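This briefing walks through a protein model by topic, beginning with a pair of charged side chains and then turning to the nonpolar cores and a pocket.

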Amino acid sequence: MLTLLAITSALLSTGLAAGKTPSCTLKALGKGKDDSPRIAQAFKVTTRLQTSPYPSLTGSSQSCSNVVVPKGENLLIGTKLDTTGLDSVHIRLLGKFTLKPDVDYWRDNAFNVSYQDNSAAWMFGGKDVILDGEGTGTIDGNGQTFYDARVTNDSLRPPHFMLAYGADNLVIRNLKVRQSPRWTFLIHSSKNVLFHDLSIISRSNTWARGRESNRETDGVDIYNSSHVTLHNLSIDNGDDCVSFKPNATNIYVDSIFCNGTHGVSVGSLGEYDGPLTDVVENVYVNNVHIQNSENGPRIKTWGGAGRGYGYVNQIVFSNFWHTNNDSPITIDNCYKTAPTDCLAHPSNMTISNVYFNNQQGTASGKYGNIGVAMVCSVGKCTDVYLNNVNVTAPEACGPTVYANSHLNVQGNSAYKFSMDAPTYNAGGILTDNSTASGVTCSNGQVIVTEVASDA
């Protein structure tokens with residue numbers, strides 16, 4: 001597995017340093033005018049004639065591999081933007097890119113994405129490409145408009161902000177990203193990718209169906225890609241903090257902060273039946289602070305009839321600090337599958353060689369006294385290790401339970417698991433929040449205390 005240092009060295013060796021070629025300066029048209037065509041032209045220009053129809057691009061007529069968006073400039077992405085196929089381009093984003101908050105346009109015109117019937121507003125990629133915010137650059141997705149629209153239209157699927165597609169030696173760094181309509185970054189069919197020093201916030205002030213309407217605002221998702229490094233990310237959103245989708249391999253993640261998320265997730269996998277198998281392999285995640293989240297590290301694969309095949313192998317979750325997470329450590333081999341269905345049609349996904357090392361902190365008590373929940377179809381999970389794990393539920397909910405089903409946990413914390421913990425037949429830890437003493441907890445608070453009947 002490539003380390004952060006190895007990937008960084010490879011990317012820097014391409015010679016993409018500011019100042020080696022003349023720079024072009026890209027300025028906004030302003031007054032709500034669409035800058036997308038000009039952005040695409042600026043990124044792709046190789047020889048710009050003096051008769052260029054883009055007078056706001058300033059620079060020489062030579063090769064323009066360095067593009068600068070100055071501080072104070074706010075360029076509007078008003079139509080779908082394709083900047084794939086770039087070659088040795090360094091973009092210095094000191095100002096801002098803003099997505100036009102037009103729900104109807106993006107619903108009907110965004111790029112189609114092959115995975116999960118998704119779409120994207122911005123396709124971005126190429127060989128030897130750097131997008132550097134230098135600490136001030138911002139990408140604003142105007143997500144609140146889309147979040148509000150979902151309150152009355154739950155089927156609306158806003159576009160992903162940026163799809164990094166077909167990239168090789170791509171760096172995105174030192175950037176602020178705000179209010180993505182849906183997934184923030186999807187790394188798709190790429191290799192040798194480095195994301196570092198990113199601040200991602202997608203947080204709604206409206207609610208839909210009992211939860212914040214900014215669900216599916218994942219931070220970084222990796223699909224059909226290899227040799228990806230994520231380092232020093234801060235993510236505050238309404239869905240997965242980081243997610244490893246089908247065919248994500250050789251991934252290194254280090255120094256991540258997650259707040260209010262759905263966790264650091266492998267999957268979901270095996271949702272769709274078809275000729276291809278879903279694989280996630282060789283993933284190392286280290287040094288994660290995660291709080292107020294539904295999950296911490298988790299693996300989620302589908303069970304039931306008509307699902308896909310594949311495997312999860314060689315996954316390491318190391319050095320996690322949990323604060324107030326609902327299900328801090330999770331394996332769910334029957335994700336979103338009714339227990340009876342998963343019993344009749346076990347998952348086609350196997351899970352092996354998984355390590356949860358040095359996991360410390362607290363559960364919220366939303367699921368009573370459950371601290372760790374691991375549920376598999378029969379015979380589908382092997383060689384799962386828990387070492388130095390000490391995650392506790394609130395005292396009000398009773399003694400913390402580490403629950404497992406159809407899984408022989410190994411490691412020096414295996415003794416903490418209750419083989420007879422209350423579970424459904426084929427998967428799913430019971431979440432009625434009741435303890436043996438009759439105390440019902442929700443988020444660490446006693447909400448019902450049963451009283452014995454005199455009858």
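In this predicted model, Asp35 counts as buried, because its relative accessibility of 1% falls under the 20% cut-off. Arg38 is buried as well, with a relative accessible area of 7%, and the side chains of Arg38 and Asp35 meet in a salt bridge in which N and O are 3.1 Å apart.

**Salt bridges**
- Side chains of opposite charge can pair when their charged atoms come close.
- Asp132 and Arg173 also form a salt bridge, with 2.8 Å between the closest N and O atoms.
- The count of salt bridges in the model comes to 16.

**Nonpolar cores**
- The largest nonpolar core holds 88 residues, among which Phe124, Phe244 and Met374 touch the most other members.
- Because domain 1 (23-48 + 61-234) and domain 2 (240-454) both give residues to this core, it lies between them.
- A second, separate core consists of 9 residues, including Val113, Trp183, Leu186 and Tyr223.
- When neighbours within four places in sequence are left aside, the contacts of Met374 include Ile329, Ile331, Phe356, Val384, Leu386 and Phe417, and among its further partners are Asn404 and Ser405.

**Second largest pocket**
- The second largest pocket encloses about 390 Å³ of space.
- It is lined by 21 residues, of which Glu212, Gly260, Asn292, Glu294 and Asp326 are the closest to its centre.
- Sorted by class, the lining of this pocket comprises 13 polar, 7 charged and 1 nonpolar residues.
- Both domain 1 (23-48 + 61-234) and domain 2 (240-454) give residues to the lining of the second largest pocket, so the pocket lies between these domains.

How values were computed. Residues are numbered from 1 along each chain as its sequence is written. This is a predicted model: local features need pLDDT of at least 70, side-chain atom pairs count only at pLDDT 80 or more; totals for chains, interfaces and linings use all residues. Side-chain values use heavy atoms; hydrogens and water are left out. On a 1 Å grid over the protein atoms alone, a cavity is a set of points where a 1.4 Å probe fits but cannot get out, and a pocket is an open set with protein on both sides within 12 Å along at least five of seven lines; lining residues have an atom within 4 Å of a point. Grid points are joined across faces, edges and corners, and a volume is the space filled by probe spheres set on the points. Ala, Val, Leu, Ile, Met, Phe, Trp, Tyr, Cys and Pro count as nonpolar, Asp, Glu, Lys and Arg as charged, and the others, Gly among them, as polar. Domain bounds come from an automatic or database domain assignment. A nonpolar core is a set of buried Ala, Val, Leu, Ile, Met, Phe, Trp, Tyr and Cys residues joined through side-chain atoms within 4.5 Å. Buried means under 20% relative accessible area, exposed over 50%, partly exposed in between (1.4 Å probe, protein chains only). Contact means heavy atoms within 4.5 Å. A salt bridge is a side-chain nitrogen of Lys or Arg within 4 Å of a carboxyl oxygen of Asp or Glu.
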